[in-house]
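Work through the exercises below with the structure open. Try each task before reading its solution.

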Amino acid sequence: MGSRCLIADAEPLVRATLRRWLEAHGWEILEARNTQEVHESLRRAPLEVVLLDDRLPGLSVHKLLPELREMSPLTSLIVLAENAAIDRAVQLVKLGAEQFLPKPVEWSVLSRAMECVHEARRTRNPPEDLDPFLGTSPLIRRLEATAQRVRDSDRSILIQGETGTGKGVLASWLHRHGPRAHEPLIQLNCAGLSPQFLETELFGHERGAFTSAVSSKQGLLERAHRGSVFLDEVGDMDPLVQPKLLKVLEERRFRRLGEVEERSVDIRLIAATHQDLVERVRARQFRSDLYFRISILPLHIPALRERPEDIPPLAHASLAQLSRELGRPGLKLAPQAEAALRAYPWPGNLRELRNVLERSVLLSSRSTLRVEDLQFNGSAIARMLNELPEETTSAPELHLTLREVERRHITRVLEAEGGHVGRAAQRLGIPRSSLYQRLKSLGLSSKVWNPDSKV
Ligand SMILES: Nc1ncnc2c1ncn2[C@@H]1O[C@H](COP(=O)(O)OP(=O)(O)OP(=O)(O)O)[C@@H](O)[C@H]1O
């Protein structure tokens with residue numbers, strides 16, 4: 001799934017034209033015809049970008065922009081306007097717009113604007129005020145003890161952990177509590193970047209290095225001089241760029257693209273990956289010399305399902321933060337809601353926990369969330385349920401095949417048991433091994449159950 005962009009414009013033709021171009025460039029598109037629909041879309045799902053016509057019916061753009069800024073601080077707001085006077089642009093930026101594009105929009109201008117959005121997201125620093133060691137489990141205590149030991153070292157650190165476990169949050173903590181805390185921390189996500197792009201981002205280029213290099217550009221390494229570089233998804237780094245990174249780590253030297261002279265740079269590398277790097281080395285996709293260099297000090301963040309006792313304190317911390325951000329004081333969890341959160345397997349880890357709570361708070365007016373307020377609908381389990389055929393009201397289940405009924409029932413029981421195969425098997429009255437066989441033969445993907453769960 002691509003990044004999400006909302007096109008907010010009253011003109012169907014404008015929406016259709018922008019949609020076609022943006023979809024062709026990998027964006028997932030939502031549309032809004034007025035300001036009310038903009039609010040609804042933002043409440044339903046997180047958005048990376050809103051392309052906002054400044055004459056959208058409903059609230060004036062002067063009122064809407066500050067509201068959207070507050071509702072969703074990480075969404076990029078780009079205003080499209082026919083009146084492209086500079087003082088107007090300045091005014092809109094002051095109100096919270098990130099960019100201002102004159103209408104009719106030229107594709108090259110839009111392309112640059114969307115690239116800026118991607119760039120800002122790739123290099124955006126992780127939130128600084130989160131405590132990466134929240135919880136009481138032995139696993140998280142061990143991680144804290146190891147992190148405390150390595151934070152003062154100047155060696156590279158490798159953080160491993162599933163998606164959403166908080167690798168970026170830990171990287172930020174390591175920088176802020178390390179010897180380079182007063183110097184910059186520069187972040188780059190290496191996933192999906194072509195070797196040329198990655199190289200110019202990291203090392204910069206000289207004027208004329210390639211056709212579109214009309215001026216010279218400083219790379220991220222130079223910007224991070226004396227500070228730290230956080231390379232997220234380092235396992236995805238193109239093999240052509242890997243030896244150049246190794247050279248920086250070993251010799252502290254590099255060349256900008258198209259430059260003859262070498263430059264020196266002093267950085268501390270914090271790398272992160274959700275992949276098994278040893279496996280990548282074995283498959284010859286990651287250089288072994290670079291692996292040994294960056295994995296001297298490895299830190300592993302455990303998945304949330306391995307430490308369910310940490311879920312309640314993490315959920316309470318997220319609710320306290322949401323209380324502040326959304327102006328909803330006293331947000332709490334009812335005991336059953338807390339138990340439901342504990343039982344869920346959280347394939348998307350802390351990020352998913354935060355998203356589920358945010359959605360639940362936005363869609364409920366209660367300050368103590370009950371189990372029925374919890375909005376797991378973005379989760380793998382709920383998606384599976386939604387994919388199942390609708391029940392007919394007159395004769396429920398009669399139109400279903402036996403296989404479909406079985407599939408539906410097993411999915412429901414697994415959902416009720418938070419993806420826990422052992423407990424689901426007990427409820428179904430069959431051995432765990434038989435349930436695994438049924439899951440396989442019914443084609444239920446491991447996303448709906450927790451592969452590590454024990455009876
Ligand atoms: N210690 C924490 N306390 C509260 N929330 C957290 C914590 N760590 C992470 N989160 C939540 O999870 C989100 C993802 O964190 P982060 O980007 O650090 O994870 P990640 O492991 O680097 O993810 P990815 O593998 O996708 O790069 C954060 O934006 C935050 O909402």
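Domain bounds here come from an automatic or database domain assignment. The model is a predicted one.

**Exercise 1. The ligand shell**

Task: Find where the ligand lies relative to domain 2 (138-302) and domain 3 (305-378).

Solution:
- Start with the residues. The shell around the ligand has 23 of them, and Gly166, Lys167, Gly168, Leu350 and Arg354 come nearest.
- Move to the elements. Those giving two or more residues to the shell are α7 (167-176), α13 (311-326) and α15 (349-363).
- Check the chemistry. The shell divides into 10 nonpolar, 8 polar and 5 charged residues.
- Conclude. Domain 2 and domain 3 both give residues to the shell, so the ligand lies between them.

**Exercise 2. Strand β13**

Task: Describe the burial and the pairing of β13 (residues 268-273).

Solution:
- Count burial. In β13, 6 of the 6 residues are buried, and the strand is mostly covered.
- Split the faces. In a regular strand the side chains alternate between the two faces of the sheet. In β13, Arg268, Ile270 and Ala272 point one way. Leu269, Ala271 and Thr273 point the other way.
- Take one partner. β6 (157-160) runs parallel to β13, joined by 4 bridges. Leu158 stands opposite Ala271.
- Take another partner. β10 (residues 228-232) also pairs with β13 in the parallel sense, over 4 bridges. Here Phe230 has Ile270 as its bridge partner.

**Exercise 3. The nonpolar cores**

Task: Which residues of the largest nonpolar core touch the most other members?

Solution:
- Read off the residues. The core has 41 residues, and those touching the most other members are Ile159, Leu170, Leu221, Val229, Leu231, Ile270 and Ala271.
- Rank the elements. α7 gives the most to this core, with 5 residues.
- Zoom in on Leu231. Beyond its neighbours within four places in sequence, Leu231 is in contact with Leu188, Cys190, Leu269 and Ala271.
- Look elsewhere. A second, separate core has 28 residues, including Leu18, Trp27, Leu47 and Leu68.

**Exercise 4. Arg155**

Task: Is Arg155 buried or exposed?

Solution:
- Locate it. Arg155 is in the loop between α6 (138-150) and β6.
- Apply the cut-off. A residue with 12 or fewer other C-beta atoms within 10 Å is exposed. Arg155 has 12, so it is exposed.
- List contacts. Leaving out residues up to four places away in sequence, Arg155 touches Ile296 and Leu297.
- Compare sequence with space. Arg155 and Ile267 are 112 residues apart in sequence, but 9.7 Å apart in space, C-alpha to C-alpha.

**Exercise 5. Unusual backbone**

Task: Place Pro104, Arg226 and Trp346 in their loops.

Solution:
- Recall the background. Most residues other than glycine have a negative phi, and most peptide bonds are trans.
- Pro104 sits in the loop between β5 (99-102) and α5 (107-122). The peptide bond from Lys103 to Pro104 is cis, with omega near -5°.
- Arg226 sits in the loop between α9 (220-223) and β10. Its phi is positive, about 75°. Arg226 has 12 other C-beta atoms within 10 Å, so it is exposed.
- Trp346 sits in the loop between α14 (335-343) and α15. Its phi is also positive, near 45°. Trp346 has 25 C-beta neighbours inside 10 Å, so it counts as buried.

Technical notes. Residues numbered from 1 in each chain as written. Predicted model: local features only at pLDDT ≥ 70, side-chain atom pairs only at ≥ 80, totals over all residues. Near = placed C-beta within 6 Å. Nonpolar A, V, L, I, M, F, W, Y, C, P; charged D, E, K, R; others polar. Buried ≥ 20, exposed ≤ 12 C-beta atoms within 10 Å, placed from the backbone. Contact = placed C-beta atoms within 7 Å. Core = buried A, V, L, I, M, F, W, Y, C linked by C-beta atoms within 7 Å. Pairing = 2+ DSSP bridges.
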